[in-house]
Amino acid sequence: MEIGVIGAGHVGLTTAAGLAAIGHQVCCADGPENVASLRRGEIPFFEPYLAEIVGKQLAASRLRFTTAGEAVRLGRALFICVGTPPLENGEADLSEVEQVAQVVAQEATSPRLVIQKSTVPVHTGRWLQQYLKQHGRADCEVASNPEFMREGSALEAFFHPDRIVVGAESPRAVSLLKAIYGPVISGQFTCPVHDTCSPRGAVPFVAMDLASAELVKLASNSFLATKISFINLMADLCEATGADVQRVAEAMGLDPRIGPAFLRPGIGFGGFCLPKDVAAFVKVAEKFGCDFSLLREVEKVNRERVDRFVNRIRIELGGLRARRIAAWGLAFKPNTDDLRNSPALAVVRNLVAEGAKVRAYDPQATERALAELPALQACADPYEAARNAEAILVLTDWDEFQRLDWRRLKECVSHPLVIDGRNVLSHDQLARHGFRYISIGRVSAGQVAAALTSVT
Ligand SMILES: NC(=O)c1ccc[n+]([C@@H]2O[C@H](COP(=O)([O-])OP(=O)(O)OC[C@H]3O[C@@H](n4cnc5c(N)ncnc54)[C@H](O)[C@@H]3O)[C@@H](O)[C@H]2O)c1
């Protein structure tokens, strides 16, 4: 099928590359500068496998980059994947969606299915349908197809999603979306980029009305954020009581009604989506007279995580001024170079503001972080960052931090102290190498053994 994708950011480019890989003919649009660099094969951000798959689809002529006007003229189905950043009051800024609506109204030459993939407030689809009708495009139908991809594993989420949700008012629109995603829904599609990927079971295709589909995304992210803030508060309680949050979370997660995901405490959630979606959800609820102040608490707990962590560092080091600190991780999560609302960067920013000397390493995001925080000393690897450090901080849970040579690190640092803001390292391993290890809400195996002995 001829498909237009408007917006070539994290969601748009992944969607365009994925749709091309499952056999569609895709025109992907963005601003002229982005289009020019994408045509040269330059991907503006890091996402595993994306450069390879975009390159393959360009070479196979199934994907091309163009203007929004051309994408609208050529695509029978149009995916809107532009940004919906937060306004100052927390509401979603829909100006980019409105620009796309104008282009669709001007450029569509025959009926189009306009599919909203950007995260938008409930009833945006209804507004868009109305707008198109008022501008002489009553033959264009609007559908919602909320995106659940996770940066860092975006293509995995495209080819093997947990579910595909669509909201539409006509069976025709639902059928078209089902056809578009056919190979993915069948679960028999072998993802073209992973060597290890094999066909899996069928993917649930969940069709509903427009408004419900629009709510699913904000509700899902708000729920996940609630889980994170809940476990972060549990970590505080565990620290206060001498309990171990990891054990508590493991046992909680075994209950299928709860599940183990998103139950790891740390320095809080960030990124482009979770914080803005929670804020937008509160605004949507307010607009419709529903009190979702529960989520205000979720936001408050999250905001406090960075301060609490920095305070812990301050206490451990007896102040921050002129302290030599190694920061491992800057991106808001692993496998991305995205720094938007990164708690890791917020920690580092606070440390630098208080006069600490921070040597930082991130496998992908160091260069971007330098542009935002020039006082940072960028390092090429974790060992260089740890040189002469009084404390090493783990701020993003990149896998490589679990495979380091701790003997070598012991020789790098001036004080063997690790403060783990992501609870990814092992107390016992670090203790064996002579490091003092502080994590969030956990007790060491040694402490557990001591506690058990004192009980028996
Ligand atoms: N990033 C995620 O993990 C994620 C996950 C799920 C949903 N979402 C949602 O998807 C939407 C897009 O997010 P993103 O992370 O891809 O944003 P992004 O900022 O990475 O990409 C948006 C792109 O749209 C382009 N754009 C803006 N106006 C345009 C126009 N008129 N014509 C053509 N291109 C235009 C921008 O230049 C940019 O490249 C947002 O609503 C977001 O909330 C994001």
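Axes here are lines fitted to C-alpha atoms, for helices over the stretch in contact, with angles between N-to-C directions running from 0 to 180 degrees. The model shown in these views is a predicted one.

**View 1. Helix H1 packs with helix H3 at an angle of about 50 degrees.**
Welcome to the first close-up, where H1 covers residues 10-21 and H3 covers residues 50-59. Their axes lie 9 Å apart. Angles from 35 to 65 degrees fall in the oblique class, and H1 and H3 are therefore oblique to each other. The crossing in which H1 passes H3 is left-handed. On the H1 side, look for Leu13, Thr14, Ala17, Ala20 and Ala21; on the H3 side, their partners are Leu50, Ile53, Val54 and Gln57. Sorted by class, the residues of this contact are seven nonpolar and two polar, with no charged ones.

**View 2. Helix H5 meets helix H6 with their axes 10 Å apart.**
Here you will find H5 at residues 95-107 and H6 at residues 124-134, packed at an angle of about 35 degrees. H5 passes H6 in a right-handed crossing. H5 brings Glu98, Ala101, Gln102, Val104 and Ala105 to the contact, while H6 brings Trp127, Leu128, Tyr131 and Leu132. Seven of these residues are nonpolar, one is polar and one is charged.

**View 3. Helix H13 and helix H14 pack at an angle of about 45 degrees.**
This view takes in residues 293-317 for H13 and residues 343-353 for H14, with 10 Å between the axes. That angle makes H13 oblique to H14. The two helices cross in a right-handed sense. From H13, the residues in contact are Val306, Asp307, Phe309, Val310 and Ile313. H14 answers with Pro343, Ala346, Val347, Asn350 and Leu351. The tally for this contact is eight nonpolar residues, one polar and one charged.

**View 4. Domain 1 and domain 2 share a contact that buries about 1,400 Å².**
For the last view, step back to the domains: domain 1 spans 2-208 and domain 2 spans 227-449. Taken over C-alpha atoms, the centres of the two domains are 33 Å apart. Domain 1 puts 19 residues into the contact and domain 2 puts in 18 residues. Carbon and sulfur atoms give 58% of the area buried between domain 1 and domain 2.

Note on methods
Residues are numbered from 1 along each chain as its sequence is written. This is a predicted model: local features need pLDDT of at least 70, side-chain atom pairs count only at pLDDT 80 or more; totals for chains, interfaces and linings use all residues. Side-chain values use heavy atoms; hydrogens and water are left out. Helices (H or I, at least four residues) and strands (E, at least two) are DSSP runs, numbered from the N terminus. Angles under 35 degrees count as roughly parallel, over 145 as roughly antiparallel, 65 to 115 as roughly perpendicular and the rest as oblique. A crossing is left-handed if the near helix is turned anticlockwise from the far one by less than a right angle, and right-handed if clockwise. Contact means heavy atoms within 4.5 Å. Ala, Val, Leu, Ile, Met, Phe, Trp, Tyr, Cys and Pro count as nonpolar, Asp, Glu, Lys and Arg as charged, and the others, Gly among them, as polar. Domain bounds come from an automatic or database domain assignment. Buried area is the accessible area (1.4 Å probe) that two parts lose on being put together, summed over both.
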